[in-house]
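Hi everyone, thanks for making room for me today. Please bring up the chain on your screens, and we'll walk through a few of its contacts together.

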Amino acid sequence: MKKLLLLIFVFSIYSYASLIGSNFTQRDLQILEDLDIKSSFITDYKLQEVYEQFQNRRNSHNYLEKLNEASLFVPRVKDILRQQNIPDVFIYMAMAESNFDIDAKSYVRATGLWQFMHGTAKMYGLKNDFYVDERMDLVKSTIAATKYLNALHDRFDKWYLAAIAYNCGEGRVIEALTRAILDIYVEKHPSQKRSKKIYEFRKTIAQYQKRRVSYYKLRDVYEEVKTWGINPDIEDLLQEQKGLDRQYLPKESRRYIRKIISLAMLNSQNFIKNDANSHLLNIGISKTIATVPVKGGWHLNNIAKAIGMKYEELYELNKHLKRGIVPPSENFYTINIPYSRLSRFNLNKNSIKDTVYAVHTVRSGDTLIGIAKKYNITVEMIKKQNKLKSSFLSLKQKLLLPIPNDMIKNRNIFKMSSRPTKKRYTVKSGDSLYSIARKYKVDVKKIMKDNNLKDSFLKIGDRLVIR
């Protein structure tokens, strides 16, 4: 009898899905299960809407293009997720976050594959200094992301809640759950609607929304109400309540979880199964990236030559090295190389040339601050490199600067500046802010901000600044 009911339920799901032009598979239902979402959510109208959008010609082409571009490092990311007991579906969270661009930057300065903000990155051990921004290290940032996701899962006990909290913050999810529990409780017990306890709880939530009480006050309310045995599910939290400006969850986060699910489900569509794209189905089977320790101060260029690669190709896997240099203050530091080059690296690593550092001879009037400004480094770096206990300098004293000599002479091939270049773009027929943003890999909101646009309406011939 149970099997018959299950078949009827699944058939009803498939029937509903087919009415709006989608065919779902058992794998799609498994994606929901992996996220701790009930299989009935597959009939969610908004999910169907997002899913349909990703199947149009432009989005499906972009999907394949990004999977192909990321095919070298995605297996390494998947491997880390599995090692840390994170469901495979979270590879599509990285896609939703950054479109698989290792050096992606948002208008709020979130950076990297997993779009870490500076504070959260620091909390999870990612460095950001003169030489490195480890938010762009595909291995270290993924490990940090798994730690963060596991911490969120420990708090909320649902993977879909961990994903949503990653997007909008732990506090906003706690607020959503607390409000939903109170609303469901009052619906079940109408006589309690105006009780003192309910009034005080709602008052605390309102004050938290206005930033008049701390997050800890809200959390105390949540810790109490969650003992009531009421467990709001995803459909409760994603519903849109009429007449409320502040829904349980932000609009962006409601779309975000549906986007992750849709991107994961796209992987079983027919367009990815044809001969030209079938290799994408096997991403993750073989090793593609090796992480190796190298000496502090080495040029990425010298390492590339030793393993038979172009500098630009090696830099693509190590964009966290801001200046193409391994941090000189580290005895050893790990970088990423193609797994196919590992044997050659082990064979040639002892012959990689050391970096020749720049030397500054102290002249009359020189100060550590002035020298640091001249070479675009910090006083602390000069002191550490030269083991200086004070800022006192003597004439003709030679200071070893923690930057390669050829960088000072401007004969290097490395990127010296991270300042964005400014471009001008003339709007053409068929252009939209979305298409222009995609073309230049910038955020739509950034284009609007840089050009003082109040809405997304564009006219042919408009001139836009792209930074």
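Let me begin with a question: with which residue does E69 form a salt bridge? The partner is K66, and the closest N and O atoms of the two are 3.4 Å apart. Before I go on, please keep in mind that this is a predicted model. Both residues belong to helix α4, which covers residues 57-69, and because they are 3 residues apart there, about one helical turn separates them. The two ends of this bridge sit in different accessibility classes: E69 is partly exposed, at 46% relative accessibility, whereas K66 is buried, at 6%.

Now for a bridge that reaches across the chain. D103 forms a salt bridge with K319, again with 3.4 Å between the closest N and O atoms. D103 is in the loop between α6 (91-98) and α7, while K319 is in the loop between α16 (311-316) and β2 (332-338), so this pair links distant parts of the chain, 216 residues apart. D103 counts as partly exposed, with 31% relative accessibility, and K319 counts as buried, with 13%.

If you stay on K319, you'll find another partner. Its side chain also meets that of E316 in a salt bridge, at 3.3 Å from N to O. E316 is partly exposed, with a relative accessible area of 42%.

How many salt bridges does the count come to? The answer is 22. Some of these join up: R155, E170, E223 and K226 are linked in a network of salt bridges.

Next, a charged residue that has no such bridge. Please find D137, in the loop between α7 (118-123) and α8 (138-156). D137 is buried, yet it has no salt bridge. Why does K140 not count as its partner? K140 is the nearest side chain of opposite charge, but it is 4.3 Å away, and a salt bridge needs the nitrogen and the carboxyl oxygen to be within 4 Å. What D137 does have is a polar contact, side chain to side chain, with H320 at 3.3 Å. Leaving aside neighbours within four places in sequence, D137 is in contact with T142, H320 and N336.

And what about K140 itself? Its charged end sits over the ring of Y333, 3.8 Å from the ring centre. There is also an arginine placed over a ring: the charged end of R323 sits over F130, 4.0 Å from the centre of that ring.

Let's follow one of the contacts of D137 a little further. T142 lies in helix α8, and at 0% relative accessibility it counts as buried. Beyond its neighbours within four places in sequence, T142 is in contact with V77, I80, L113, W114 and D137.

Two of those names, V77 and I80, take us to helix α5, where they are among the buried residues. Is α5 enclosed or open? In this helix, residues 74-83, 7 of the 10 residues are buried, so α5 is largely enclosed by the rest of the structure. The buried ones are V74, P75, R76, V77, K78, I80 and L81. What covers them includes α6, α8 and β1 (289-295). Just after α5, you can spot N85, which takes a positive phi of about 60°.

Last stop: the aromatic rings. How many aromatic pairs does the count come to? It comes to 10. One of them is Y124 with Y148, a tilted pair at 5.3 Å centre to centre, with 40° between the planes. Y124 lies in the loop between α7 and α8, and Y148 in helix α8, so the pair ties together parts that are 24 residues apart in sequence. Both Y124 and Y148 are buried.

F201 and W228 form a tilted pair too, at 6.2 Å centre to centre and 40° between the planes. This one links distant parts of the chain: F201 is in helix α11 (residues 196-209), and W228 is in the loop between α12 (215-225) and α13 (234-238), 27 residues apart. F201 is buried, with a relative accessible area of 9%, while W228 counts as partly exposed at 25%.

To finish, go back to Y124 and Y148. Ring pairs link them with F116 and Y166 into a cluster. Thanks for listening!

Technical notes. Residues numbered from 1 in each chain as written. Predicted model: local features only at pLDDT ≥ 70, side-chain atom pairs only at ≥ 80, totals over all residues. Heavy atoms only, no water. Helix = DSSP H or I, 4+ residues; strand = E, 2+ residues; numbered from the N terminus. Buried < 20%, exposed > 50% of the residue type's maximum accessible area, 1.4 Å probe, protein only. Lys, Arg positive; Asp, Glu negative; His and termini not counted. Polar contact = N/O pair within 3.5 Å; in protein donor to acceptor, adjacent residues only side chain to side chain. Contact = heavy atoms within 4.5 Å. Phe/Tyr/Trp six-rings, centres within 6.5 Å; stacked < 30°, edge-to-face > 60°. Lys NZ or Arg CZ within 6 Å of the ring centre and 35° of its normal.
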